[in-house]
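The following exercises concern the strands, helices and pockets of one protein model. Each task is followed by a solution in steps.

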Amino acid sequence: MANFKAIMRLFRKFDQGMNMRVFGELYRWFFSNLQVDGLTLDLDSTVMTRYGQQEGAARGYNPRKRGRYSHHPLMAFVSDIRMVANLWLRPGNSHNANNALAFLDDSLDKLAGKRVALLRADSGFSEHVFLDDLDQRSMHYLIALRLNQPLQRALVEETNWWHWMMA
C-alpha cells in the first residue's frame, strides 16, 4: 500500500484539464462496454448554495438563499441505468442555457457512440438555439417549457393541434 504522502503527491498532479481527460476516458470506457443501446439522456441544472470562499462560486439567481454565493451545475444522467453521464460545475451567475450545446456535445462524446433514443430536459434548456440544434441532429426530445403568457396565448389560439395529435 502506498504511503499517504505518495498519494498526496499523485493527486497534486491533477488539475482541471487532467481531471477532464482522465474522467472522459473512464466514461468512454464504461459506456463502450455497456450492452445497452437507445439510451434516455436527462439534462438538468440546479442551484447549489455555497458558504465560505468556495472556488468558482458567484452571486446569481438563488431561489432559496437570495444574495448568497452559489454554483449552477449542468448535469446529464442516463436514466436507463441510473448513471451520471456528465457534470459541469459553473458559477452561480451563469444563465440556465449557458454552454448547453457544448455540454451536450461533451455528454454525447462521453457516451462512446451510444445512440440516444430520447433526450429529456428541464425548462432551462428551452432556448431556440438548443432546440434547433436538436432538430438538426434528428434527436427525439422532450423539454419542459415555462407556461408564460405568450405560450398560453399560442396554445389557446391554436386550432389544429388536436387534429395533429390524433393523426
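**Exercise 1. Identify which residue of β8 is the bridge partner of Arg120, and describe the sheet that holds this pair.**

Step 1. In this predicted model, the bridge partner of Arg120 in β8 is Leu142. Strands here are DSSP runs (E, at least two residues), helices are runs of H or I with at least four residues, and both are numbered from the N terminus.

Step 2. β7 and β8 run parallel and are joined by 3 bridges; two strands count as paired if DSSP finds at least two bridges between them.

Step 3. The strands belong to an open sheet of 5 strands in the order β6-β5-β1-β7-β8, with mixed pairing. β6 and β8 (141–143) are its edge strands, each pairing on one side only. On average, neighbouring strands of this sheet are turned by 15 degrees against each other, direction ignored.

Step 4. β1 pairs with β7 in the parallel sense over 5 bridges, and Leu43 has Ala121 of β7 as its bridge partner. By contrast, β5 and β6 run antiparallel and are joined by 5 bridges, with Met83 of β6 as the bridge partner of Val78. The hairpin of β5 and β6 has 4 residues between the strands, and Arg82 takes a positive phi near 55 degrees there.

Two conventions apply throughout. Residues are numbered from 1 along each chain as its sequence is written. Local features need pLDDT of at least 70, side-chain atom pairs count only at pLDDT 80 or more, totals for chains, interfaces and linings use all residues, and side-chain values use heavy atoms, with hydrogens and water left out.

**Exercise 2. Determine how helices α3 and α4 pack at an angle to one another, and which strands each helix meets.**

Step 1. Helix α4 (residues 128–136) lies across β1, β7 and β8, running at about 165 degrees to β8. Axes are lines fitted to C-alpha atoms, for helices over the stretch in contact, and angles run from 0 to 180 degrees between N-to-C directions.

Step 2. Helix α3 (residues 100–110) touches β1 (39–45), β5 (74–78), β6 and β7, and its direction makes about 140 degrees with that of β6. Contact means heavy atoms within 4.5 Å.

Step 3. The two helices, α3 and α4, pack at about 35 degrees with their axes 9 Å apart. Ala100, Leu101 and Leu104 of α3 meet Val129, Phe130, Asp133 and Leu134 of α4.

Step 4. By class, this contact has 6 nonpolar, no polar and 1 charged residues. Ala, Val, Leu, Ile, Met, Phe, Trp, Tyr, Cys and Pro count as nonpolar, Asp, Glu, Lys and Arg as charged, and the others, Gly among them, as polar.

**Exercise 3. Explain why one side of β2 and of β3 is left without a neighbour in the sheet.**

Step 1. The open sheet of 3 strands has the order β2-β4-β3, with antiparallel pairing.

Step 2. β2 (48–49) and β3 (58–59) stand at the edges with a single partner strand each, so one side of each has no neighbour in the sheet.

Step 3. β3 is joined to β4 (residues 69–71) by 2 bridges, and Ser70 of β4 is the bridge partner of Ala58.

**Exercise 4. State which residues line the largest pocket.**

Step 1. A pocket is found on a 1 Å grid over the protein atoms alone, as an open set of points where a 1.4 Å probe fits, with protein on both sides within 12 Å along at least five of seven lines; lining residues have an atom within 4 Å of a point.

Step 2. The lining consists of Gln16, Asn19, Met20, Phe23, Tyr27, Asn86, Leu87, Trp88, Leu89 and Lys110. The largest share, 5 residues, comes from α2.

Step 3. These residues divide into 6 nonpolar, 3 polar and 1 charged.

**Exercise 5. Find where in the protein confidence is lowest and where it is highest.**

Step 1. pLDDT, the predictor's confidence in each residue from 0 to 100, averages 84 over the protein, and 95% of the residues score at least 70.

Step 2. Confidence is lowest in helix α6 (residues 161–166), at a mean of 55, and highest in strand β7 (residues 116–121), at 95.
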